[in-house]
Structure formats: C-alpha cells, structure tokens
Amino acid sequence: MAEPANLEAVMGLIMHGGDAKGKAVEAIREAKVGHFTEAHDLIKQANEALNIAHKSQTELLTQEASGDTVELSLLLIHGQDHLMTALTFIDMAKEVIALYEKIDSSH
C-alpha cells in the first residue's frame, strides 16, 4: 500500500487532535482535586494543540477546495475522529471545570 500524499497533514490531525483531548482529560482530573489553575492551564494547552490540528485540517480542506482531491483513507477518518472528539471534549471539560469550581466555592 502506498503512503498517502497528504500523510503529514493527516498525522497532524491524529497527533495534535489526540494531544488536545488528552490535555482536556487531564484538566478535568486536576479540577476534580481542586487544582483549578492547573486545569485552566491544561485547557489552554488543549486549545493550542487543537489549533495546530485545525491547521492540518485546513490544509486538507484547501487542497480539496482547489480541485485537488484528498485521498480518503482510514488514517484520514481516524484523524478527523480525533479532531472532532477533541473539540467536544474541550467544550465538556470547560463545563466540568466550572462545575467543580462552583462546588468548591460553596464549601
């Protein structure tokens, strides 16, 4: 099987999307034990990784929009899955952190 022409962009989706989700998970765990500064820092790091993953996605979208078909592969689908999961998880993590902060402030 030949290596996809857009492998670098696809791997950017996978690596940075996965990193973004991982940082969001860590942020929830930090908030759970009352480490809110650390949790917010991890959300910031998650957003930074997400932005890098978005750049990879934009590269692929630009390629497709310019008429150069993007080869569909399991790796590309996996990368898109990582990106969408990261987006959802970061949004959820922000809400969970806010809840932990609210609970903490009421004690």
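Me: Which helix does D81 lie in?
Reply: Happy to start there: in this predicted model, D81 is part of helix α3. UniProt, in an unreviewed entry, places the feature "binding site" at D81.

Me: Is D81 buried, partly exposed or exposed?
Reply: The range between 20% and 50% relative accessible area is what we call partly exposed. D81 has 46% relative accessibility, so it counts as partly exposed.

Me: What does UniProt list for H78?
Reply: The record, again an unreviewed entry, has "modified residue: Phosphohistidine" at H78. Helix α3 is where H78 is found, and because its relative accessible area is 37%, H78 is partly exposed.

Me: Let's turn to α2. How many residues does helix α2 have, and how far does it reach?
Reply: A good check is to set the span from first to last C-alpha against the one expected at 1.5 Å a residue. Helix α2 covers residues 36-65, which is 30 residues, and reaches 42 Å, close to the expected 44 Å.

Me: Which residues of α2 are buried?
Reply: First the general idea: an α-helix has 3.6 residues a turn, so residues three or four places apart point the same way. With that in mind, look at the buried residues of α2: F36, A39, L42, I43, A46, A49, L50, A53, S56, Q57 and L60.

Me: And what covers the buried residues of α2?
Reply: The cover includes α1 (7-32) and α3 (74-105). The latter is the helix that holds H78 and D81.

Me: Where is the residue with a positive phi?
Reply: Look just after α2: G67 takes a positive phi of about 95° there.

Technical notes: Residues are numbered from 1 along each chain as its sequence is written. This is a predicted model: local features need pLDDT of at least 70, side-chain atom pairs count only at pLDDT 80 or more; totals for chains, interfaces and linings use all residues. Side-chain values use heavy atoms; hydrogens and water are left out. Helices (H or I, at least four residues) and strands (E, at least two) are DSSP runs, numbered from the N terminus. The expected span of a helix is 1.5 Å times one less than its number of residues. Buried means under 20% relative accessible area, exposed over 50%, partly exposed in between (1.4 Å probe, protein chains only). Contact means heavy atoms within 4.5 Å. UniProt positions are given in the numbering used here, feature names are shortened, and annotations may be inferred rather than shown by experiment.
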